[in-house]
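Colleague: I'd like to learn how to read a structure like this one. Could you walk me through a few features?

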Amino acid sequence: MKLARFLYEGSERIGLVVAEGMIDVAKHKPGSFSSMTALLDDWAALGPLLGELQADTPADYPLSSVTLLAPVARPGKIMAIGLNYADHAKEAGMELPKNQMWFTKAVTSITGPFAKVELPKVSSQLDYEAELVMVIGRRCRHVSVEDAASVILGYCVGNDVSVRDWQFHTSQFTIGKSFDTHGPIGPWIVTADAIDPFHLGIRTFVNGEKRQDSNTDQFVFNPFELVAHLSKAMTLEPGDLIFTGTPPGVGAAMKPAQWLGAGDVIRVEIDEIGWIENVVVPEGR
């Protein structure tokens, strides 16, 4: 199942993406829930209803007539792991980490799958990071690796856009990862029952040039291990996002470094999910 937030004729709605286009849930299940957050909060009851709707309902609109939004507009928290691809560690000339290396992104960094990404006024060192993003579907704490799959609602494509000089001002990455618009996600959530997160091709293109090309089989710590580790320290809640790391090929690692500039187009693709594409614009426009 593919869950989406979208705009149609100026109205924000929740939809199911099918081969023919978009099913507008509110047209067929009025009053069942008011937002993606409400859907995630009551997924156990509402998920089966959406499954029935998808099975026997034709699309209401072609995808070309809607504007896709970030599937989760305001996550409670965003956690992101560094150096989680073996081939990326090799590119960086670093040993594989023995412990998971975590940082956060501000929730205000989230933006849509085809929205503009800002080039900050305070830096020119703008970079991309293709990432598989997990969406938590159930409130949980102290989850075992064996049970982690049960709390993951699904997955989407993400770009952990990074301002490298701000990232490395100190040993803490959060500010350099948290600029407004620097967390595009989407184009929808593919529910966990429809995807194998361990074997997905992942790629980034900048202006049509392939920069990143790897597979999630390169994970140092797999998604279930990430959930188990985080839940030892904090309660995970529906709609929380977990960025699972990036493969090699980031601009900072090129010689010389290749920073993003105004007008550049970044496309991130993940097999079985889809793609997002964002244009860089100067901040304030």
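Modeller: Sure, we'll go through strands, a buried serine, rings and charges in turn. Keep in mind that this is a predicted model.

Colleague: Let's begin with strands. Which strands pair with S13, and in which sense does S11 run against S13?

Modeller: For a pairing, look at the partner, the direction and the bridges. Strand S11 (residues 152-159) pairs with S13 in the antiparallel sense over four bridges. Strand S1 (residues 2-8) is also antiparallel to S13, with two bridges. Strand S7 (residues 110-111) runs parallel to S13, again with two bridges.

Colleague: Which residues stand opposite each other there?

Modeller: Take valine 190 in S13: lysine 2 stands opposite it, and tyrosine 155 is a bridge partner of valine 190 as well. Further along, threonine 111 has proline 184 in S13 as its bridge partner.

Colleague: Is S13 mostly covered or mostly open?

Modeller: Mostly covered: nine of the nine residues in S13 (residues 183-191) are buried.

Colleague: Now a single residue. Where is serine 231, and is it buried or exposed?

Modeller: Serine 231 is in helix H6, which spans residues 223-233. Its relative accessibility is 0%, so serine 231 counts as buried.

Colleague: What does the side chain of serine 231 reach?

Modeller: The backbone nitrogen of valine 143, at 2.9 Å. Leaving out residues up to four places away in sequence, serine 231 touches Arg141, His142, Val143 and Leu236.

Colleague: On to the rings. What describes a pair of aromatic rings?

Modeller: Two values do it: the distance of the centres and the angle of the planes. In this structure a full search finds eight aromatic pairs. One of them joins phenylalanine 168 and phenylalanine 173, edge-to-face, with 5.4 Å centre to centre and 80° between the planes.

Colleague: Why does phenylalanine 168 count as exposed?

Modeller: Because its relative accessibility is 52%, and the cut-off for exposed is over 50%. Phenylalanine 173, at 21%, counts as partly exposed.

Colleague: Which rings are linked into a cluster?

Modeller: Phe6, Tyr8 and Tyr61, through ring pairs.

Colleague: Which charged residues sit over a ring?

Modeller: Here are two cases. Arginine 267 has its charged end over the ring of tryptophan 275, 3.7 Å from the ring centre. Lysine 105 lies over the face of phenylalanine 243, at 6.0 Å from the ring centre.

Colleague: How many salt bridges are there?

Modeller: The count comes to 16. Let's follow glutamate 129. Its side chain meets that of arginine 164 in a salt bridge of 2.9 Å, N to O. This pair links distant parts of the chain, 35 residues apart: arginine 164 is in helix H5 (residues 164-167), and glutamate 129 is in the loop between strands S9 and S10.

Colleague: Which lysine does glutamate 129 meet in a salt bridge?

Modeller: Lysine 177, at 3.1 Å, N to O. That pair also links distant parts of the chain, 48 residues apart, with lysine 177 in the loop between H5 and S13.

Colleague: Are these charged residues buried or exposed?

Modeller: Buried: the relative accessible area is 7% for arginine 164, 8% for glutamate 129 and 2% for lysine 177. A network of salt bridges links Lys105, Asp127, Glu129, Asp160, Arg164 and Lys177.

Colleague: And what about glutamate 209 and arginine 211?

Modeller: Their side chains form a salt bridge of 3.3 Å, N to O. Glutamate 209 counts as partly exposed at 42% relative accessibility, whereas arginine 211, at 17%, counts as buried.

How values were computed:
Residues are numbered from 1 along each chain as its sequence is written. This is a predicted model: local features need pLDDT of at least 70, side-chain atom pairs count only at pLDDT 80 or more; totals for chains, interfaces and linings use all residues. Side-chain values use heavy atoms; hydrogens and water are left out. Buried means under 20% relative accessible area, exposed over 50%, partly exposed in between (1.4 Å probe, protein chains only). A polar contact is a pair of N or O atoms within 3.5 Å; within protein, one must be able to donate a hydrogen and the other to accept it, and residues adjacent in sequence count only if both atoms are side-chain atoms. Contact means heavy atoms within 4.5 Å. Two strands pair if DSSP finds at least two bridges between them. Rings of Phe, Tyr and Trp (its six-membered ring) pair if their centres lie within 6.5 Å; planes under 30 degrees apart count as stacked, over 60 as edge-to-face and the rest as tilted. A charge sits over a ring if NZ of Lys or CZ of Arg is within 6 Å of the ring centre and within 35 degrees of the ring normal. A salt bridge is a side-chain nitrogen of Lys or Arg within 4 Å of a carboxyl oxygen of Asp or Glu.
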